[in-house]
Amino acid sequence: MARNEVHAARIISGVGALFALIEGVYILMLVLNADQSNKFFVFIKGLAEPLALFFPGLFHTGSVDFDIILDYGLAAVFWLIVSGFVARVVGPGTGGGAPRDGSLRFA
């Protein structure tokens with residue numbers, strides 16, 4: 001049973017890393033002025049904008065590029081933190097949670 005939980009934790013962490021990677025690629029494409037009519041750009045934009053949740057428009061620093069980095073960068077960090085937390089809860093092999101037998105173990 002613990003083996004399945006470890007696999008689930010790794011999958012959850014991987015999904016969070018993938019979401020963060022999508023946000024990072026979108027940041028680079030926006031900051032480096034990628035062609036917005038390109039199909040790859042449209043594809044990444046279609047993934048990144050819903051994953052950014054409520055972060056876009058959160059900051060107005062006066063620099064469009066810095067706003068993009070802050071807004072979508074925070075979304076990427078959010079996904080890494082949330083997926084890491086969920087993975088720790090799900091998988092005891094990842095260092096989270098108490099042992100299943102109820103005992104306390106110290107390293």
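R10 sits in helix α1. Helices here are DSSP runs of H or I with at least four residues, strands are E runs of at least two, and both are numbered from the N terminus. R10 is exposed, because its relative accessibility is 58%. For that word I use these cut-offs: buried is under 20% relative accessible area, exposed is over 50%, and partly exposed is in between, with a 1.4 Å probe and protein chains only. R10 also has a partner far along the chain. Its C-alpha is 7.0 Å from that of A87, although the two are 77 residues apart in sequence.

A word on where this comes from. This is a predicted model, in which local features need pLDDT of at least 70 and side-chain atom pairs count only at pLDDT 80 or more, while totals for chains, interfaces and linings use all residues. Residues are numbered from 1 along each chain as its sequence is written, and side-chain values use heavy atoms, with hydrogens and water left out.

Next to R10 in the numbering is I11, also in α1. I11 counts as exposed because its relative accessibility is 57%. From I11 to S83 is 9.4 Å, C-alpha to C-alpha, across 72 residues of sequence.

Now the whole chain. It has 3 helices and 0 strands. The order along the sequence is α-α-α. Of its 107 residues, 26% are buried. Take contacts (heavy atoms within 4.5 Å). Among those between residues at least 6 apart in sequence, 53% join residues at least 24 apart. The chain exposes about 7,200 Å², and carbon and sulfur atoms supply 69% of that. Those areas come from the Shrake-Rupley method with a 1.4 Å probe; for residues, only the protein chains shown count as cover.

Back to α1, which covers residues 2-31, for E23. Which side chain of opposite charge is nearest to E23? It is K45, 12 Å away. E23 is buried and has no salt bridge. A salt bridge needs a side-chain nitrogen of Lys or Arg within 4 Å of a carboxyl oxygen of Asp or Glu. For charge, Lys and Arg count as positive, Asp and Glu as negative; His and the chain ends are not counted. What does E23 touch, beyond its neighbours within four places in sequence? The contacts are A48, L51, A52, Y72, A75 and A76.

After α1 comes a loop leading to α2, and N33 is in that loop. N33 has a positive phi, near 55°, and is not a glycine. Most residues other than glycine have a negative phi. N33 is exposed, because its relative accessibility is 66%.

On to α2, residues 39-51. The helix has 13 residues and reaches 19 Å from first C-alpha to last, close to the 18 Å expected at 1.5 Å a residue. That expected span is 1.5 Å times one less than the number of residues. N38 caps the N-terminal end: a side-chain oxygen lies 2.7 Å from the backbone nitrogen of F40. The buried residues of α2 are F41, I44, A48 and L51. In an α-helix, residues three or four places apart point the same way, because there are 3.6 residues a turn.

Take L51, in α2. L51 is buried because its relative accessibility is 13%. Beyond four places in sequence, L51 touches F19, I22, E23, A75 and W79. Its C-alpha is 8.6 Å from that of A76, 25 residues away in sequence.

Just after α2, L53 takes a positive phi of about 55°. L53 is in the loop between α2 and α3, and is not a glycine. L53 counts as partly exposed because its relative accessible area is 41%.

Last, α3, residues 64-90. Its 27 residues should span 39 Å at 1.5 Å a residue, and its end C-alpha atoms are 39 Å apart, so the two agree. Buried residues in α3 include D67, Y72, A75, A76, W79, S83 and A87.

D67 is in α3. D67 is buried and has no salt bridge. The nearest side chain of opposite charge is K45, 16 Å away. What does the D67 side chain pair with in a polar contact? The side chain of T61, at 2.6 Å. A polar contact is a pair of N or O atoms within 3.5 Å; within protein, one must be able to donate a hydrogen and the other to accept it, and residues adjacent in sequence count only if both atoms are side-chain atoms. Beyond four places in sequence, D67 touches F59, H60, T61 and G62.
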